[in-house]
Amino acid sequence: MLDAIINFVQQNPLLVVAVLFFIYKKWESSRPWPDFGGKITSVHSVAEWDALLASSQDKVVVVDAYATWCPPCKAAAPVYARLSESF
């Protein structure tokens, strides 16, 4: 089995590189928040949410719910990052 894979890669290097490139681009675009700086906190549980609210008693908390597959959500990421840097 391994010999067949190695043989395929040796016979089709451009195809393998193209497939790996498209897989990488798909993975890269699936990340919800590109690195824009600021203070963005990702919350994954009710306990994290409660701890975040308790630690920011006198601060404004802006919440954005998003889907990783949603292009408008990704387009909004820089706006929220700038808000987090300013406030």
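1. Along the sequence, the protein reads α-α-α-α. It has four helices and zero strands. The model is a predicted one, and the points below should be read with that in mind.

2. Burial comes next. Of the 87 residues in the protein, 8% are buried. Helix H4 supplies some examples: its buried residues are Cys73, Ala77, Pro78, Ala81 and Ser84.

3. H4 covers residues 71-86, which makes 16 residues. At 1.5 Å a residue the helix should span 22 Å, and its end C-alpha atoms lie 24 Å apart, so the expected and modelled lengths agree. The helix is nevertheless bent: there is a kink of about 30 degrees at alanine 77, shortly before proline 78. Both Ala77 and Pro78 are on the list of buried residues of H4.

4. The N-terminal part of the chain carries a nonpolar surface patch of about 990 Å². Its members are Met1, Leu2, Ile5, Ile6, Phe8, Val9, Leu15, Val19, Leu20 and Ile23. Two elements each give two or more residues to the patch, namely helix H1 (2-11) and helix H2 (13-29). Which of the helices gives the most to the patch? That is H1, with five residues.

5. Leucine 20 is a patch member that lies in helix H2. The relative accessible area of leucine 20 is 52%, and a residue counts as exposed over 50%, so leucine 20 falls in the exposed class.

6. How many aromatic pairs does a search of the whole structure find? The search returns one. The pair is formed by phenylalanine 21 and phenylalanine 22, whose ring centres are 5.7 Å apart. Their planes meet at 70 degrees, and the pair is therefore edge-to-face.

7. Are the two partners of this pair buried or exposed? Phenylalanine 21 has 46% relative accessibility and so counts as partly exposed. Phenylalanine 22, with a relative accessible area of 57%, is exposed.

8. One contact concerns the loop between H2 and helix H3 (46-55), where isoleucine 40 is found. The C-alpha atom of isoleucine 40 is 8.1 Å from that of tyrosine 80, although the two residues are 40 apart along the chain. Isoleucine 40 has a relative accessibility of 40%, so this residue is classed as partly exposed.

Key. Residues are numbered from 1 along each chain as its sequence is written. This is a predicted model: local features need pLDDT of at least 70, side-chain atom pairs count only at pLDDT 80 or more; totals for chains, interfaces and linings use all residues. Side-chain values use heavy atoms; hydrogens and water are left out. Rings of Phe, Tyr and Trp (its six-membered ring) pair if their centres lie within 6.5 Å; planes under 30 degrees apart count as stacked, over 60 as edge-to-face and the rest as tilted. Buried means under 20% relative accessible area, exposed over 50%, partly exposed in between (1.4 Å probe, protein chains only). Patches are made of residues with over 30% relative accessible area and no salt bridge: like charges are joined within 9 Å, nonpolar side chains (Val, Leu, Ile, Met, Phe, Trp, Tyr) within 5 Å. Accessible areas come from the Shrake-Rupley method with a 1.4 Å probe; for residues, only the protein chains shown count as cover. A salt bridge is a side-chain nitrogen of Lys or Arg within 4 Å of a carboxyl oxygen of Asp or Glu. The expected span of a helix is 1.5 Å times one less than its number of residues. The bend at a residue is the angle between axes fitted to the seven residues ending there and the seven starting there.
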